[in-house]
Amino acid sequence: MLGLLAATTALCASTTSAFVMPVRPLTLAARPSSLTSSSSSRSCVGIPLRMVSHPDVDNEYKRKLSEQRRWTKSTKQLATLGPVSNTEEMIEKLFLAGVDVFRLNFSHGAHEEKKALLDIIRGLEVKFNHPIAILADLQGPKLRVGTFEHDKVILVDGQSFRFDLSDEPGDSMRVNLPHPEIINTLQNGDTLLLDDGKLRMTVTKKGEGFVDTLVNVGGALSNRKGVNTPSVVLPISALTPKDRKDLDFALSIGVDWVALSFVQQPQDIAELRTLVGNKAKIMAKLEKPSAVQEGVVDDIIMLSDGIMVARGDLGVEMRPEDVPVIQKQIIEKCRKYGRPVVVATQMLESMIESPTPTRAEASDVATAIYDGADAIMLSAESAAGKFPVESVMMQQRVILRVEEDKAYRKNLARSNPQRLEKSATDAITNAAREIAATIGACALVVFTARGTTVLRASMGRPGVPILAITPEIETARALALTWGVYPAAVETRAEHETFPDVLRKICSVATDKGLANRPDDLLVVTAGLPFGSPGVANVIRVVPASGPEDWVVGGDKNLNTI
């Protein structure tokens, strides 16, 4: 430990402030009564709570118990809101069950409904004093066939079937495909998948305004079923006119993240960035084979603020055995580039109808966590299923079980990525993580303006929660998606406020959040001075939860200067 501290002191001396290690605490009499304890052993585990009969205290007990569970997990949870989860009562239940981010699916519902949901979530933020992220998921280009004269046809293996631009109702030999960009792009040998991959066809002939195909895998095909083109990159924007209207509305009401569906190439993200600017974070949904090609996927990740592994359409257009490998590769790359990554689609699909998942589904959720994903998501399970709250709680149970496994920590440590760029900020961040492990700290506290330093801290997957302190509520909300990070919006730029004054604030926040339960619980703090310096960390401090004035440093009790 002495070697580590000596190295850290030397490292920090090269920046604007030295690392200060506390020598011994003052007496308990000088500490706030709320933090006094008779126990002599340090423990970062939540204090047991006693159930009482008064309803108000009863609710407070449940709230604190929920918060303690929340602080014990690092992997975050997303839940999609829908018909069964659109009331204030249900949304609060989902939040208390563990949801960190709520997804608004713009494929369904009116704008007024989305605004009502956002208002409910913002109300919960105030009620529980806890930032909650809101993700607006844009529909993207939905490619569909036209209609049939009798609503449905049966296609048999080996027959010929034509797609054309005629508006006439279809039959067993042809149907309208109202997407000239598809017909103009397809070539002989290209593959078409219909109805989520249930039917498969190969292009055999191309003419003016039509393509003929051979039915490889037949079946029933009905009105307006979806079309996938796994073998080609279509010359279309990932943003439809509907998406642009939805985007304008989502930004106007203040969502925190915008997800772009069916990303094919980096230019799709660049186009969205010009429209979004700094109004929200951008998440690329990877669900097309062209987007996960080596090199292309790296560029998409770098241009995005976050990534979603959308395994639904990805599983349609790619071989099933490839999807788990792609998932692992994407997660690894996201950790390398410091971008939060969400694993989504069919995680607990059976819980739409059943109160318990299959063992395979539980294993699927666990695999995503073992892989190092920042977050896992529920879709229909929480939006339209019979057991939305149970689905969230089941995900949390799997999270907690995996994260207590020693193999999980070993896997994270073994796959800890090396930063592509090396800076003093990275060195400070890494040193803080090692110090926290050495002294048994209860949390890393990271001051941040835009979230950059917090993302760097999360990349290292520390063994304690990361308390992100920011004066910007927008930054706090966006960070709710990131592994191990629990954000708090705290004003740190008040005039005449000293660094010790700010440290007292964060000690109070750590106590209120349940991160610290004893007066001598330790917090490792990193900050960039002067405050507001984006992406900079040049100070490390270790403080007890009872406040910086409770430490004697080098025999000098005056901590007004660092």
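## Exercises on a predicted model

Helices H6 and H7 are oblique to each other, and the exercises below begin with that pair. The model is predicted, so local features need pLDDT of at least 70 and side-chain atom pairs count only at pLDDT 80 or more, while totals for chains, interfaces and linings use all residues. Residues are numbered from 1 along each chain as its sequence is written, and side-chain values use heavy atoms, with hydrogens and water left out.

**Exercise 1.** Work out which angle class fits the crossing of H6 and H7.

*Solution.* Start with the elements: helices (H or I, at least four residues) and strands (E, at least two) are DSSP runs, numbered from the N terminus. Next, the axes of H6 (residues 241–253) and H7 (residues 266–276) come within 11 Å and cross at roughly 45°. Such axes are lines fitted to C-alpha atoms, for helices over the stretch in contact, with angles from 0 to 180 degrees between N-to-C directions. Angles under 35 degrees count as roughly parallel, over 145 as roughly antiparallel, 65 to 115 as roughly perpendicular and the rest as oblique. The pair is therefore oblique.

**Exercise 2.** Find the residues through which H6 meets H7.

*Solution.* Take contact as heavy atoms within 4.5 Å. On the H6 side you will find Arg-244, Leu-247 and Leu-251; on the H7 side, Glu-271, Leu-272, Leu-275 and Val-276. Sorted by class, that is 5 nonpolar, no polar and 2 charged residues. Here Ala, Val, Leu, Ile, Met, Phe, Trp, Tyr, Cys and Pro count as nonpolar, Asp, Glu, Lys and Arg as charged, and the others, Gly among them, as polar.

**Exercise 3.** Identify the edge strands of the open sheet that has 6 strands.

*Solution.* Write down the order first: E7-E6-E10-E9-E8-E12, with mixed pairing. E7 (174–176) and E12 (227–228) each have a single partner strand, so one side of each is left without a neighbour in the sheet. Now look at one edge: E8 (residues 191–194) pairs with E12 in the antiparallel sense over 2 bridges, and two strands pair if DSSP finds at least two bridges between them. Leu-193 stands opposite Asn-228 in E12.

**Exercise 4.** Decide whether Phe-262 is buried or exposed.

*Solution.* Locate Phe-262 in the loop between strand E13 (257–260) and H7. Buried means under 20% relative accessible area, exposed over 50%, partly exposed in between (1.4 Å probe, protein chains only). Phe-262 has 13% relative accessibility, so Phe-262 counts as buried. Its phi is near 55°, a positive value in a residue other than glycine.
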